[in-house]
Amino acid sequence: MLAAYAVRASDDDPLAALEVGERPEPEVPDGWTVVTVRAASLNHHDVWSLRGVGLKQEQLPMILGCDAAGVDADGNEVLVHGVVSDPDWTGEETLDPRRSLLSERFQGTLAERVAVPRRNLVPKPPELSFEEAACLPTAWLTAYRMLFVRADAKPGTTVLVQGAGGGVATAAIVLGAAAGVRVWATSGSEAKRARALELGADQAFETGARLPERVDAVLETVGQATWAHSLRALKPGGTLVVSGATSGDAPPAELSRVFFLQLRVLGSTMGSRDELARLVRLCVTSGVRPVIQETLPLADAARGIARLAAGDVVGKIVVSV
Ligand SMILES: NC(=O)c1ccc[n+]([C@@H]2O[C@H](COP(=O)([O-])OP(=O)(O)OC[C@H]3O[C@@H](n4cnc5c(N)ncnc54)[C@H](OP(=O)(O)O)[C@@H]3O)[C@@H](O)[C@H]2O)c1
């Protein structure tokens with residue numbers, strides 16, 4: 001079957017680690033099933049994998065892709081929740097210390113077919129296209145949890161989203177605006193700031209700019225480049241939620257600011273299967289839809305990954321299979 005996969009680790013030139021070609025059909029352990037992939041979306045995680053983050057040499061070749069929408073073995077249209085927890089784990093999936101994400105220990109979704117645990121399937125409603133549905137399980141689910149679960153954003157609160165163009169960031173802008181949250185966004189690009197306003201941000205600022213007032217919460221996926229600004233942006237008692245560090249993960253901790261202003265710094269990773277089902281329902285009832293910048297055929301996946309690696313994206317790049 002056709003697939004896009006990592007064959008080596010290449011920190012400087014992630015595209016040099018990518019091949020698109022034939023891979024064997026998926027192996028199907030007990031309790032797992034095969035989904036015929038109709039669409040999968042690209043995530044920065046795919047760039048990290050090509051750079052060798054989280055993948056050991058002996059795991060290669062590894063098919064990339066953490067999320068997908070497709071058709072299961074019984075002909076049902078489904079979304080694939082990408083967090084794979086241990087079969088004996090009974091708690092919330094993201095808290096399983098042995099959990100992994102598709103394309104880390106198990107082959108990923110950038111392929112014609114993918115094997116997944118049966119319990120990871122979520123029904124796809126007819127209101128969402130396969131391309132839209134494929135954006136939800138990673139970037140949109142991460143934004144949903146950051147905003148509504150970890151930051152506990154409410155209508156009328158103010159939330160700052162750093163790096164407005166990203167897949168997670170655009171999702172946070174759209175979901176926050178739909179829920180009546182006052183969303184402020186930052187971006188280094190004027191075009192992306194303009195797009196953030198179109199997507200529902202109340203105001204958009206240059207990266208690091210002084211804000212008109214302090215905010216209740218900050219959603220951080222950029223990391224080192226914006227961390228100090230994120231801490232400075234918060235009201236006393238405010239909440240910084242971090243789920244990514246694209247620009248590096250060694251910023252000054254600013255401990256005095258954290259304790260003196262009694263800030264809360266919370267990590268966030270993906271979301272549960274139940275949260276994914278709620279996000280799907282929210283899209284159906286509110287009419288909110290993922291922001292798709294471009295849809296490419298699987299054979300052209302390299303073009304999309306190059307755009308992600310260069311930061312040349314507003315929203316999601318989807319691969320149709
Ligand atoms: N923990 C989890 O479960 C989880 C889930 C999803 C994603 N993540 C992580 O979150 C991060 C974002 O993921 P994504 O898929 O949304 O990525 P993406 O679509 O590639 O977004 C990257 C955005 O970050 C901003 N950015 C990158 N480098 C920057 C820099 N040096 N200075 C300022 N802004 C910079 C850019 O925004 P502007 O150009 O608008 O400034 C860019 O559009 C990644 O590191 C990813 O691994 C984690």
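In this predicted model, aspartate 46 is in contact with Ser41, Leu64, Gly65, Cys66 and Ile305, leaving aside its neighbours within four places in sequence. Aspartate 46 lies in helix α1, which spans residues 44-51. The residue is buried yet has no salt bridge. The nearest side chain of opposite charge belongs to lysine 316, 7.2 Å away. Because a salt bridge requires a side-chain nitrogen within 4 Å of a carboxyl oxygen, the distance of 7.2 Å to lysine 316 does not qualify.

Helix α1 also contributes two or more residues to the lining of the largest pocket, as do β8 (100-101), α3, α4, β12, α9 (301-310) and β18 (316-320). The volume of this pocket is about 1,200 Å³. Its lining consists of 49 residues, of which His44, Trp48, Thr221, Gly244 and Thr246 are the closest to the centre.

The largest nonpolar core comprises 46 residues, and those with the most contacts inside it are Leu136, Trp140, Ile173, Leu219 and Leu279. Two or more residues each come from β5 (68-71), α2 (130-133), α3 (136-150), β11 (158-161), α4 (167-178), β12 (182-187), β14 (215-220) and α8 (273-286). The greatest contribution, 8 residues, is that of α3. Beyond four places in sequence, tryptophan 140 touches Cys135, Gly167, Ala171, Val174, Leu175, Leu279, Val288, Arg289, Pro290, Val291 and Lys316. A second, separate core has 33 residues, including Ala4, Val78, Val116 and Val313.

Side chains of opposite charge can pair when their charged atoms come close. The structure holds 16 salt bridges. One of them joins arginine 307 to glutamate 294, with an N to O distance of 2.9 Å. Arginine 307 lies in helix α9 and glutamate 294 in strand β17 (residues 292-297), so the pair ties together parts that are 13 residues apart in sequence. Arginine 307 is partly exposed at 23% relative accessible area, whereas glutamate 294 is buried at 18%. Both residues belong to a network of salt bridges that links Glu294, Asp300, Arg303, Arg307 and Asp312.

Another salt bridge is formed by arginine 98 and aspartate 86, whose closest N and O atoms are 3.9 Å apart. Both residues lie in the loop between β7 (83-84) and β8, 12 residues apart. Arginine 98 is exposed, with a relative accessible area of 55%, while aspartate 86 is buried at 17%. Lysine 154 and aspartate 152 also form a salt bridge, at 2.6 Å between the closest N and O atoms. Here lysine 154 is partly exposed at 40% relative accessibility, and aspartate 152 is partly exposed at 41%.

Technical notes. Residues are numbered from 1 along each chain as its sequence is written. This is a predicted model: local features need pLDDT of at least 70, side-chain atom pairs count only at pLDDT 80 or more; totals for chains, interfaces and linings use all residues. Side-chain values use heavy atoms; hydrogens and water are left out. A nonpolar core is a set of buried Ala, Val, Leu, Ile, Met, Phe, Trp, Tyr and Cys residues joined through side-chain atoms within 4.5 Å. Buried means under 20% relative accessible area, exposed over 50%, partly exposed in between (1.4 Å probe, protein chains only). Helices (H or I, at least four residues) and strands (E, at least two) are DSSP runs, numbered from the N terminus. Contact means heavy atoms within 4.5 Å. Lys and Arg count as positive and Asp and Glu as negative; His and the chain ends are not counted. On a 1 Å grid over the protein atoms alone, a cavity is a set of points where a 1.4 Å probe fits but cannot get out, and a pocket is an open set with protein on both sides within 12 Å along at least five of seven lines; lining residues have an atom within 4 Å of a point. Grid points are joined across faces, edges and corners, and a volume is the space filled by probe spheres set on the points.
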